[in-house]
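Me: I would be grateful for a close look at one part of this structure, with the reasoning set out step by step.

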Amino acid sequence: MDTESSITRIDLALLRRAIDLAALARAHGNHPFGALLADAEGHILAEAENTVTTDHDVTGHAETNLVRIASRTLPAHVLASATLYTSTEPCAMCAGAIYWAGIARVVFGLSEAGLAQMTGADPQNPTLDLPARTVLGAGQRAIAVIGPLLVAEAAAVHAGFWNPRRASP
């Protein structure tokens, strides 16, 4: 597992872009989650927003949408050296998709626990208390998981969205 000392300015810039994608998802009428995939040099390979509401698809999480795009368009060796940046820690479903895609590294903003504090009992987000590190750590290949990072920025996109409305994690 990577440590915070391995976080670069590029990592933080790309994580901020994922947070921007979460704001776009919210503006488009969806839950506020965004994700992108970048190569080892930090070049963005693909981006995705949450589309649960607009696509009427409960699996339309940003990370799952991103994995679908990436696995259809990028060769396995590219995925094996790529980093997935996401505004919020991947849920168990998304972590599983990341694992099966063979993506090497995950960097996230708001933690699943922090999200659960914000969403409370909101039926739109019945959060699983299962950290991405636990899901990804159960696999046969190592996947670096880094986060939470930029928590205040990542939480801001959720402010006022969930019921009960809570301002911070």
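In particular, how far is the sulfur of Cys94 from the closest cysteine sulfur, and is that within reach of a bond or too far?

Reply: The model is a predicted one, and the answer below rests on it. The cysteine sulfur closest to that of Cys94 belongs to Cys91, at 3.7 Å, which is too far for a bond. A disulfide requires two cysteine sulfur atoms within 2.5 Å. Seen from the other side, Cys91 has its closest cysteine sulfur in Cys94, again at 3.7 Å and too far for a bond. By this rule, the count of disulfides is 0.

The surroundings of the two cysteines may be considered next. Cys94 has a relative accessible area of 0% and is therefore buried. Cys91, with a relative accessible area of 18%, is buried as well, because the term applies to values under 20%.

Two further residues may be described in the same manner. His158 lies in the segment that follows helix H7, which spans 151–156. Its relative accessibility is 0%, so His158 counts as buried. The side chain of His158 forms a polar contact of 2.9 Å with the side chain of Trp162. Beyond residues up to four places away in sequence, His158 touches several others, among them Arg26, Thr88 and Met118.

Asp11, in turn, belongs to helix H1, residues 9–27. With 3% relative accessibility, Asp11 is also counted as buried. A polar contact of 2.5 Å joins the side chain of Asp11 to the side chain of Tyr85. Apart from neighbours within four places in sequence, Asp11 is in contact with Ser6, Tyr85 and Arg105.

Notes. Residues are numbered from 1 along each chain as its sequence is written. This is a predicted model: local features need pLDDT of at least 70, side-chain atom pairs count only at pLDDT 80 or more; totals for chains, interfaces and linings use all residues. Side-chain values use heavy atoms; hydrogens and water are left out. Helices (H or I, at least four residues) and strands (E, at least two) are DSSP runs, numbered from the N terminus. Buried means under 20% relative accessible area, exposed over 50%, partly exposed in between (1.4 Å probe, protein chains only). A polar contact is a pair of N or O atoms within 3.5 Å; within protein, one must be able to donate a hydrogen and the other to accept it, and residues adjacent in sequence count only if both atoms are side-chain atoms. Contact means heavy atoms within 4.5 Å.
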